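Q: I'd like to learn how to read the features of a model like this one. Could you walk me through it, starting from the surface?

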Amino acid sequence: MKTRRWQDWTNMVLGLLLAVSPWLLQFTGLDAATLNAVIIGGLIFALSALALTLLDRWEAYINGLLGLWAVLSPWLIGFTSYDMALIAHIGLGAGVVVVAAIEIWQVGSPDAV
């Protein structure tokens with residue numbers, strides 16, 4: 001289980017970046033995109049921080065779903081014409097999905113510690 005720690009730290013950073021991306025990339029004028037980034041990024045950060053103490057598999061599945069939501073949300077909420085918001089949600093969300101998938105795969109591998 002200790003081998004998964006880097007994934008939790010990485011998703012904490014990605015979640016934090018998503019949460020502050022409206023200010024870093026200056027799309028705070030888009031209320032829906034800003035609120036989505038702050039909520040989803042905050043949830044990813046909090047779940048990953050919690051996973052550092054619990055070391056349980058369920059967090060990776062939820063983070064994967066939250067990352068998928070972040071990737072799809074520009075189309076579902078309707079802010080695809082705003083480049084910075086689109087890039088933040090797709091890039092950071094995809095990163096969370098990849099890290100969560102690696103964590104899930106490693107937990108299922110026979111030599112996982």
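Q: Which helix supplies the largest share of the nonpolar patch?
A: That's H1, with six residues. Keep in mind that we're looking at a predicted model. The patch itself is made of Val13, Leu16, Leu17, Val20, Trp23, Leu24, Leu25, Val38, Phe45, Met84 and Ile87, and together they have about 960 Å² of accessible area. H1 isn't on its own here: H1, helix H2 (31–54) and helix H4 (83–108) each put in at least two residues.

Q: How do I read a single member of the patch, say leucine 17: where is it placed?
A: Start with the helix, then look at accessibility, then at the neighbours. Leucine 17 sits in helix H1, which covers residues 5–24. Its relative accessibility is 36%, so it counts as partly exposed, the class between 20% and 50%. Leaving out residues up to four places away in sequence, leucine 17 touches Leu24 and Leu92. Leu24 is listed in the patch too.

Q: How far apart are leucine 17 and valine 38, in sequence and in space?
A: They're 21 residues apart in sequence, and their C-alpha atoms are 9.4 Å apart. Both of them belong to the nonpolar patch.

Q: What about phenylalanine 45: which helix is it in?
A: Phenylalanine 45 lies in helix H2. With a relative accessibility of 33%, it counts as partly exposed because that value falls between the 20% and 50% cut-offs.

Q: Now the inside. What is the general idea for nonpolar side chains in soluble globular proteins?
A: They tend to be buried together. In this model, the largest nonpolar core has 11 residues: Leu14, Leu18, Ala37, Ile40, Ile44, Leu47, Leu66, Ala70, Leu92, Val96 and Val99. H1, H2, H3 and H4 each supply at least two residues of this core, and H2 gives the most, with four. There's also a second, separate core of six residues, which includes Leu30, Ala33, Phe79 and Ala88.

Q: Which residues is isoleucine 44 in contact with, leaving aside its neighbours within four places in sequence?
A: Isoleucine 44 is in contact with Asn11, Gly15, Asn63, Leu66, Gly67 and Val96. Leu66 and Val96 are also listed in the largest core.

Q: Asparagine 63 turns up in that list. Is asparagine 63 buried or exposed?
A: Buried: its relative accessible area is 0%, and the cut-off is under 20%, so the call is straightforward. Asparagine 63 is found in helix H3, residues 58–78. Apart from residues up to four places away in sequence, asparagine 63 touches Asn11, Leu43, Ile44, Leu47, Ser48, Val96 and Ala100.

Q: Let's zoom out. How many helices and strands does the chain have?
A: Four helices and zero strands. Read along the sequence, that gives the pattern α-α-α-α.

Q: What can I learn from the radius of gyration?
A: You can check it against the value for a compact globule. For 113 residues that would be near 13 Å, and the chain has 14 Å, which agrees. For the dimensions, the C-alpha trace spans about 45 × 20 × 15 Å along its principal axes.

Q: And what share of the 113 residues is buried?
A: Buried residues make up 42%. The accessible surface comes to about 6,000 Å², and 74% of it belongs to carbon and sulfur atoms. For the contacts, take those with a separation of 6 or more: residues 24 or more positions apart account for 62% of them.

Definitions and conventions. Residues are numbered from 1 along each chain as its sequence is written. This is a predicted model: local features need pLDDT of at least 70, side-chain atom pairs count only at pLDDT 80 or more; totals for chains, interfaces and linings use all residues. Side-chain values use heavy atoms; hydrogens and water are left out. Buried means under 20% relative accessible area, exposed over 50%, partly exposed in between (1.4 Å probe, protein chains only). Contact means heavy atoms within 4.5 Å. Patches are made of residues with over 30% relative accessible area and no salt bridge: like charges are joined within 9 Å, nonpolar side chains (Val, Leu, Ile, Met, Phe, Trp, Tyr) within 5 Å. Accessible areas come from the Shrake-Rupley method with a 1.4 Å probe; for residues, only the protein chains shown count as cover. A salt bridge is a side-chain nitrogen of Lys or Arg within 4 Å of a carboxyl oxygen of Asp or Glu. A nonpolar core is a set of buried Ala, Val, Leu, Ile, Met, Phe, Trp, Tyr and Cys residues joined through side-chain atoms within 4.5 Å. The radius of gyration is taken over C-alpha atoms; the globule rule is 2.2 Å times the number of residues to the power 0.38.
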